[in-house]
Amino acid sequence: MEYFISLFILASINIILATSFNLILGYGGLLSVAQPIFFALGAYCSALIAIYFEIPIFLSIILASLVAGIFAFGVSLPSLRVSGDYLVVSTLGFQLGTLHIINNIEITGAAGGLSNIPPLISHPYRSLLTLFIVVCFAVLSIWMVRKIMRSAYGRAITALRNDETAFSSLGRNPIRIKVLIVALSAAMAGFAGGMYSHYYLYITPEQFGIFATATLLTMVVIGGAGTVLGPAFGAIIITTLPEIITFLNLPVSIMAPLQGVIFTGLVLIFIFLKPSGLIGSTRGLDGLEIWKK
Amino acid sequence: MFSSDILLQLGWTGLATSSFYMLFATAFALVLKVNQVWNFGQAGLMVIGYFSCYIFLQILDFFPLWAIVFSIFVTVLAGCCLEKYGFGVLRERKSPPLTFFIFSIVIAQFFVFFAELIFGTTPKTLYPSLNSKINIFYGIVITNWDLFALISSIIIMSVLYFIMKKTKLGYSMTAVSDNPELAEMYGIKKEHIYLYSISISSFLLFWGMYLFGTKAAIFPSTPLLQLLVFAVIATIIAGIGNVFGAAMAAVFLSLLQAFSILLIPSKWQILIAYGLIFFIILFFPKGFVLNLSLFKTKKNMGS
């Protein structure tokens with residue numbers, strides 16, 4: 001039972017993460033490869049704040065998500081001032097650089113990882129209660145993105161994605177919107193990271209590397225980028241799929257790359273054969289096709 | 001504080017190391033200029049090039065020359081497949097730039113994971129021994145590898161310069177990079193040019209990986225996590241479209257990294273490259289090398 005609860009918690013955290021990534025990739029039409037590092041910033045900052053300042057865990061998660069948002073703002077502003085293309089480059093550098101720092105400093109536990117993280121809930125039914133909370137936040141994140149995208153602000157995001165030149169000619173500031181989307185999305189990822197660290201109580205840098213980027217891309221692309229429920233659906237599939245492979249009892253050295261091959265292979269298949277994703281409409285107006293003008 | 005011997009040694013080491021960085025940067029900049037694609041899939045081609053050579057040399061025990069020839073063939077073929085069945089299909093479908101980005105990043109990751117699955121996550125070397133004969137020249141240690149790497153890279157870059165500046169193929173590549181549709185009206189088949197450009201790029205990548213692999217052991221993830229970033233930064237420093245500027249920028253980066261050891265512990269050296277990304281994007285978004293040439297043009301116009 002504990003195993004399944006843990007799996008559902010991970011799936012719910014991944015739903016928040018995928019939904020946050022969908023906000024920039026699917027709706028914003030921007031590619032940031034650093035989303036897992038904002039998740040990592042949330043996880044590490046929340047854990048460290050809770051360990052060293054002994055403040056309520058939930059407050060430390062909120063603070064950590066703010067830190068992730070601020071970092072995203074700082075990373076995206078200079079690159080988005082130039083072009084959306086540069087966001088990929090700067091986030092790639094940010095991801096690799098931050099991982100290198102986490103891997104080499106003592107306070108984060110370096111490559112060995114950070115342990116002794118205080119739990120979000122200390123109770124005999126800790127897992128069940130955490131599951132309830134995380135599911136609530138997963139639903140809340142989906143609702144929030146849906147709400148944003150149906151508001152005037154969401155229509156501005158869509159207009160910007162579809163035609164930036166026309167958008168700018170109306171006197172709107174495209175950079176402001178883009179940077180805000182990236183920062184909000186990173187804050188959501190940071191929040192998910194905080195929840196993750198205070199449930200699993202142990203984090204290592206290798207959980208947030210290129211494998212995490214591939215996993216996240218897979219969730220959003222196969223679910224359907226630019227759809228409200230697609231990434232959530234993708235997150236559930238991608239969280240449960242590796243568990244099926246686990247039953248093959250393969251050595252760890254094979255498991256991780258095998259998962260990587262499957263995930264990236266799935267993304268490639270979907271890019272060419274079903275760019276609208278599983279949830280996207282058959283008219284080809286969702287998923288990767290959504291970015292076509 | 002630092003003796004001239006130490007400075008000269010660092011300079012020489014940086015220059016020798018720049019031999020493969022130069023090739024990676026040129027390969028990346030060439031595809032970006034001609035095919036107009038940020039080819040992060042380059043890391044996948046590097047993995048293919050290196051591990052095909054590893055198979056021919058270490059597993060099939062081929063004579064080195066044949067192993068190199070076959071590996072070049074495999075890498076170029078993989079590059080052509082990437083262009084024809086990847087970028088070509090997306091181009092035909094008029095996919096947005098974001099799809100190209102996703103595809104090129106994911107294909108690189110796919111080959112890294114595939115290599116990890118087949119060869120494991122431990123580092124691999126192309127030859128059982130990586131020792132190279134040492135020569136002392138005015139107090140500077142110069143290995144045979146240094147000489148081989150530098151001379152071969154300079155020859156390759158010279159041939160590429162000749163191709164780009166003096167041949168019909170080079171003119172065609174420039175024409176396609178400037179305006180593919182207009183180039184087609186003049187009878188240039190842009191699809192062929194894309195294939196030529198990625199073939200040249202694949203060759204450069206293979207040779208860079210061969211040089212790297214004869215100096216150090218390589219993890220399957222090294223091209224993606226370490227080498228690609230250098231190529232991207234050099235391309236941005238040079239300014240998009242400036243192929244030989246990217247090579248110069250790679251030499252500069254390599255020297256910078258070599259000399260940084262005087263001030264920064266070696267484990268933090270890689271951060272210089274990542275930090276430079278932000279510095280360049282903030283202060284020289286159109287590239288440093290290109291900016292210099294623009295400055296010269298403006299000055300000339302002014303006078």
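Leaving aside neighbours within four places in sequence, B:Thr235 is in contact (heavy atoms within 4.5 Å) with B:Ala25, B:Phe28, B:Ala29, B:Leu32, B:Ile240 and B:Ala246. The model is predicted, so that local features need pLDDT of at least 70 and side-chain atom pairs count only at pLDDT 80 or more, while totals for chains, interfaces and linings use all residues. Residues are numbered from 1 along each chain as its sequence is written, chains are lettered from A in the order in which they are written, and side-chain values use heavy atoms, with hydrogens and water left out.

**Surroundings of B:Thr235**

- B:Thr235 is found in helix H9 of chain B, where helices are DSSP runs (H or I, at least four residues) numbered from the N terminus.
- With a relative accessible area of 1%, B:Thr235 is buried; buried means under 20% relative accessible area, exposed over 50%, and partly exposed in between, using a 1.4 Å probe and protein chains only.
- A polar atom of the B:Thr235 side chain lies 2.7 Å from the backbone oxygen of B:Ala231.

**Interface of chain B and chain A**

- Chain B brings 41 residues to the contact, and chain A brings 45 residues.
- About 3,900 Å² is buried between chain B and chain A, with carbon and sulfur atoms giving 82% of that area; buried area is the accessible area (1.4 Å probe) that two parts lose on being put together, summed over both.
- Within chain B, the residues that lose the most area to chain A are B:Arg93, B:Ile102 and B:Phe113, which together make up 17% of what that side buries.
- The rule finds 0 salt bridges across this interface, a salt bridge being a side-chain nitrogen of Lys or Arg within 4 Å of a carboxyl oxygen of Asp or Glu.
- Between chain B and chain A, 4 residue pairs are in polar contact, both residues being at pLDDT 80 or more; a polar contact is a pair of N or O atoms within 3.5 Å, where within protein one must be able to donate a hydrogen and the other to accept it, and residues adjacent in sequence count only if both atoms are side-chain atoms.
- Helices H3 (64-92), H4 (97-119), H9 (222-238) and H11 (270-283) of chain B each supply at least two residues of the side that touches chain A, and the largest share of that side, 15 residues, comes from H4(B).

**Nonpolar core**

- The largest nonpolar core (buried Ala, Val, Leu, Ile, Met, Phe, Trp, Tyr and Cys residues joined through side-chain atoms within 4.5 Å) has 189 residues, and those with the most contacts inside it are A:Leu31, A:Phe38, A:Phe208, B:Phe24, B:Trp38 and B:Phe40.
- Apart from neighbours within four places in sequence, B:Phe40 is in contact with residues including A:Val88, A:Val89 and A:Leu92 of chain A, and B:Phe28, B:Phe101 and B:Leu228 of chain B.

**Salt bridges**

- Over all chains, a search of the whole structure finds 4 salt bridges.
- A:Glu164 and A:Lys178 meet through their side chains in a salt bridge (2.8 Å, N to O); because A:Glu164 lies in helix H7 (residues 164-169) of chain A and A:Lys178 in helix H8 (residues 174-200) of chain A, the pair ties together parts that are 14 residues apart in sequence.
- In this pair A:Glu164 is partly exposed, at a relative accessible area of 33%, whereas A:Lys178 is buried, at 7%.
- The side chains of B:Arg91 and B:Glu83 form a salt bridge (2.6 Å, N to O), with B:Arg91 partly exposed at 22% relative accessibility and B:Glu83 buried at 3%.
- B:Glu181, B:Glu184 and B:Lys190 are linked in a network of salt bridges.
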